[in-house]
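Me: I would like to go through this structure with you, one question at a time. Please keep the answers short.

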Amino acid sequence: MPELPEVQTVVDDLKKKIVGRRILKIWSDTPKIVQRPNFKQFEEEIKNSKIENIRRRAKNILIDLNNNRLLLIHQKLTGHLLVGRWQIKNNQVQPRDKGILGEKVNDYIHLIFYLDNGQMLALSDLRKFAKVIFGSAQEIESLPDLKNLGPEPLTKDFTLAKFSSLFQEEKRKIKQVLMDQNVISGIGNIYSNEILWAAKICPFKSAFQLNPQERKNLYLALGKVLNQALRFRGTSVDNYRDTAGQPGKYEQKLKVYRRENQPCFRCQTLIKRAKMEGRSVYYCPKCQNK
Ligand SMILES: [Zn+2]
């Protein structure tokens, strides 16, 4: 699933490509991707909307439309937002220009927004778990999808003190806590593994047991790993693509994720894989042993 660096990369791309454009019409072969309102109403109300801004909140992409309306897109496991041009023939989507093209993502386009400059915003989704929600900004902002989210880790006011306060009464394992969107926003399985390795902290340790030095190391590692991943436009191991259909480049920088039985970059001990709540945990049993 795309995490903070991947979603932010998509948002930054979209800002350059589609802010200021109007949506002329939409097409879909999978109306259920739009969770609310019903598809007919969505089709009517989105027509002629002007795209005023695009932002990220946790792993959600928020598209601000004129008249205080908001379009929320969550890519979930395999969603991709692409900007390009396609044509529909016999209800099949075909690319019209080369670029994204030749990419598998074209085969899974289920929703297209036609823009007033001839470009299109397309949602490709192999698994069809992606979620699109549309309504007044007030209505969307008050949904649990947004309202219950924890703080954003790359903002200026996310201080060490604020970070530490999240863990004080937290009995769950630190890796689970890092991935809980209601505690802290935007971190999933790839980056929780990477951050814990960078901070030399055992993923199985209970969050409240971290001492002040460990909390500081974790805080610094979190900023460092997420910012570096952003600079490399994210990680594509789980088939993530940017808005031009291109993979991210952080995969070559990964230190533990999917490196089971390969030597740790710090101490050469073989990286271990375990399960936690159904997700894979990758860690160095020597550097992260406490
Ligand atoms: Zn190690």
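Reply: Start with a definition: two strands pair if DSSP finds at least two bridges between them. Helices (H or I, at least four residues) and strands (E, at least two) are DSSP runs, numbered from the N terminus. This is a predicted model: local features need pLDDT of at least 70, side-chain atom pairs count only at pLDDT 80 or more, and totals for chains, interfaces and linings use all residues. Residues are numbered from 1 along each chain as its sequence is written.

Me: Over how many bridges do strand 9 and strand 10 pair?
Reply: Strand 9 covers residues 109-115, and strand 10 covers residues 120-125. Ile 109 has Ser 124 in strand 10 as its bridge partner. The two strands pair in the antiparallel sense, and the number of bridges is five.

Me: Which strands stand at the edges of the sheet with the order 1-9-10-6?
Reply: This open sheet has four strands and antiparallel pairing. An edge strand has a single partner strand, so one side of it is left without a neighbour in the sheet. The edges are strand 1 (23-28) and strand 6.

Me: Which strands of this sheet does helix 1 touch?
Reply: Helix 1 packs on the sheet, and its direction makes about 25° with that of strand 6. Contact here has a cut-off: the C-beta atoms of two residues, placed from the backbone, lie within 7 Å. The strands touched are strand 6, strand 9 and strand 10.

Me: What is the strand order of the open sheet of five strands?
Reply: The pairing in this sheet is mixed. Its edge strands are strand 2 (34-36) and strand 3 (51-57), each pairing on one side only. Strand 2 pairs with strand 11 (residues 131-136) in the parallel sense over two bridges. The order is 2-11-5-4-3.

Me: At what angle does helix 1 run to strand 3?
Reply: Helix 1 (residues 4-18) lies across strand 3 and strand 4 (60-65). Axes are lines fitted to C-alpha atoms, for helices over the stretch in contact, and angles run from 0 to 180 degrees between N-to-C directions. For helix 1 and strand 3, the angle is about 170°.

Me: Why is helix 7 called oblique to helix 8?
Reply: Angles under 35 degrees count as roughly parallel, over 145 as roughly antiparallel, 65 to 115 as roughly perpendicular and the rest as oblique. The axes of helix 7 (residues 189-198) and helix 8 (residues 212-231) come within 8 Å and cross at roughly 130°. That crossing angle makes helix 7 oblique to helix 8.

Me: Which peptide bond is cis, with omega near -5°?
Reply: Most peptide bonds are trans. Pro 37 sits in the loop between strand 2 and helix 2 (39-46). The cis bond runs from Arg 36 to Pro 37.

Me: What is the phi of Asn 67 near?
Reply: Most residues other than glycine have a negative phi. Asn 67 lies in the loop between strand 4 and strand 5 (69-74). Its phi is positive, near 60°.

Me: Which element gives the most to the side of domain 1 that touches domain 2?
Reply: The domain assignment, automatic or from a database, gives domain 1 (4-147) and domain 2 (160-283). In contact are 20 residues of domain 1 and 19 residues of domain 2. On the domain 1 side, helix 1 and strand 6 (79-84) are the elements that give two or more residues. With nine residues, the element that gives the most is helix 1.
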